[in-house]
Amino acid sequence: MKKTDKIFIAGHRGLVGSAILRALQQAGYSNLLYRTHADLDLMNAEATHAFFAKEKPQYVFLAAAKVGGIHANNTRRGEFIYHNLAIQLNVIEAARRVGTERLLFLGSSCIYPRHCLQPMREEYLLTGPLEQTNEPYAIAKIAGIKLCEAYNSQYGTNFASVMPTNLYGPYDNFDLESSHVLPALLRKVHEAKLTQSKNIMVWGSGTPLREFLHVDDMAAACLFVIQKADFKDMVNIGSGQEVTIRQLAELICEVVGYQGDIVYDTSKPDGTPRKLLDASRLTQLGWKARISLKEGLQQTYQWFVQNESLTAETSVA
Ligand code: GDP
């Protein structure tokens with residue numbers, strides 16, 4: 001990937017897309033292409049094809065997606081499958097038609113079976129039933145992976161997929177209804193501190209295990225993978241930093257400086273008990289995460305406090 005190559009970042013306002021854009025800018029890439037949702041609706045096939053025909057990007061980061069936490073995934077099931085399928089179909093097919101040299105499709109670790117062997121290796125895909133709370137989203141992401149694979153095999157494209165573990169960082173969605181656990185708890189604990197509440201409410205039992213990766217590490221991994229042109233498969237991106245939801249809540253209280261109690265609302269779902277990725281395929285290629293969970297939480301909390309006004313919106317990356 002040359003510094004002057006034309007690179008399209010789909011979803012540049014979301015958590016991952018914005019981090020990829022920052023990383024590309026910092027690395028000196030000068031021909032970057034991005035559009036707001038208002039300027040280009042990637043669910044609209046005609047508009048997407050017209051955009052690609054005009055711009056002919058050489059590289060594409062497909063980070064546009066309908067994303068959300070356990071509650072949003074579980075309740076807006078139709079939206080999660082339809083939006084993601086539509087965006088993927090349009091962008092991946094448009095990239096094929098204009099001869100995009102390399103495309104990186106962003107997936108998710110929820111594509112693996114609910115009771116998957118841990119840590120989860122790439123070859124465990126489609127070896128068992130999925131977690132119910134996010135099955136529609138996972139099915140859409142699996143379809144995206146298979147679309148890239150099928151196009152590579154039939155048309156000789158060079159499209160790869162990356163499966164990140166739970167991501168967090170600046171420009172995350174901090175809306176309490178639709179967000180993931182980490183931004184939700186940062187907000188809850190911050191607000192409890194300000195209002196001097198006696199306790200904060202954590203969903204579920206606190207026992208599920210989750211692995212977290214800072215989005216700047218994720219962006220670095222994406223730049224690393226897209227430049228390995230001979231690497232066409234799907235690859236996991238993880239940090240190996242696994243904690244229980246209880247440990248996460250305690251760490252967030254420490255970072256925010258809140259001394260109240262943590263109360264567990266077991267009427268809310270736990271979701272999958274554990275999802276730890278095996279990222280050895282990527283680490284063998286020479287990449288590894290750099291930002292510790294504590295350091296990443298401190299940085300994200302600082303960003304949240306400075307940008308609270310931005311975080312009220314519900315995110316669609
Ligand atoms: P998941 O990784 O797909 O299950 O998505 P989430 O990040 O939304 O949830 C991870 C775990 O954190 C689940 O066990 C949730 O029940 C738990 N959790 C605890 N408190 C919260 C909260 O305030 N919001 C969210 N989204 N999850 C929470």
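## Tyr 171 and its ring partner

Let's start with Tyr 171, which is partly exposed in this predicted model, its relative accessible area coming out at 37%. That value sits between the 20% mark for buried and the 50% mark for exposed, so "partly exposed" is the label that applies.

The structure has 8 aromatic pairs. In one of them, the ring of Tyr 171 meets that of Trp 303 in a tilted arrangement, with 4.9 Å between the centres and 55° between the planes. This pair ties together distant parts of the chain: Tyr 171 belongs to the loop between strand S6 (166-168) and helix H6 (181-194), while Trp 303 is in helix H10 (residues 293-306), 132 residues apart. Trp 303 has a relative accessible area of 12%, so it counts as buried. Together with Phe 174 and Phe 304, these two make up one aromatic cluster.

## Another pair, and charges over rings

Phe 51 and Phe 52 also pair up, this time edge-to-face, at 5.8 Å centre to centre and with 80° between their planes. Both of these residues are buried.

Rings meet charges here, too. Lys 3 has its charged end over the ring of Tyr 29, 5.1 Å from the centre. Over the face of Tyr 151 you'll find Arg 96, at 5.7 Å from the ring centre.

## Phe 224 and its contacts

Now look at helix H7 (residues 215-226), where Phe 224 has its place. Phe 224 is partly exposed, at 21% relative accessible area.

Leaving aside residues up to four places away in sequence, Phe 224 touches Leu 282, Leu 285, Gly 286 and Trp 287. Take Leu 282: 58 residues separate it from Phe 224 in sequence, yet their C-alpha atoms are 9.5 Å apart in space.

How values were computed
Residues numbered from 1 in each chain as written. Predicted model: local features only at pLDDT ≥ 70, side-chain atom pairs only at ≥ 80, totals over all residues. Heavy atoms only, no water. Helix = DSSP H or I, 4+ residues; strand = E, 2+ residues; numbered from the N terminus. Buried < 20%, exposed > 50% of the residue type's maximum accessible area, 1.4 Å probe, protein only. Contact = heavy atoms within 4.5 Å. Phe/Tyr/Trp six-rings, centres within 6.5 Å; stacked < 30°, edge-to-face > 60°. Lys NZ or Arg CZ within 6 Å of the ring centre and 35° of its normal.
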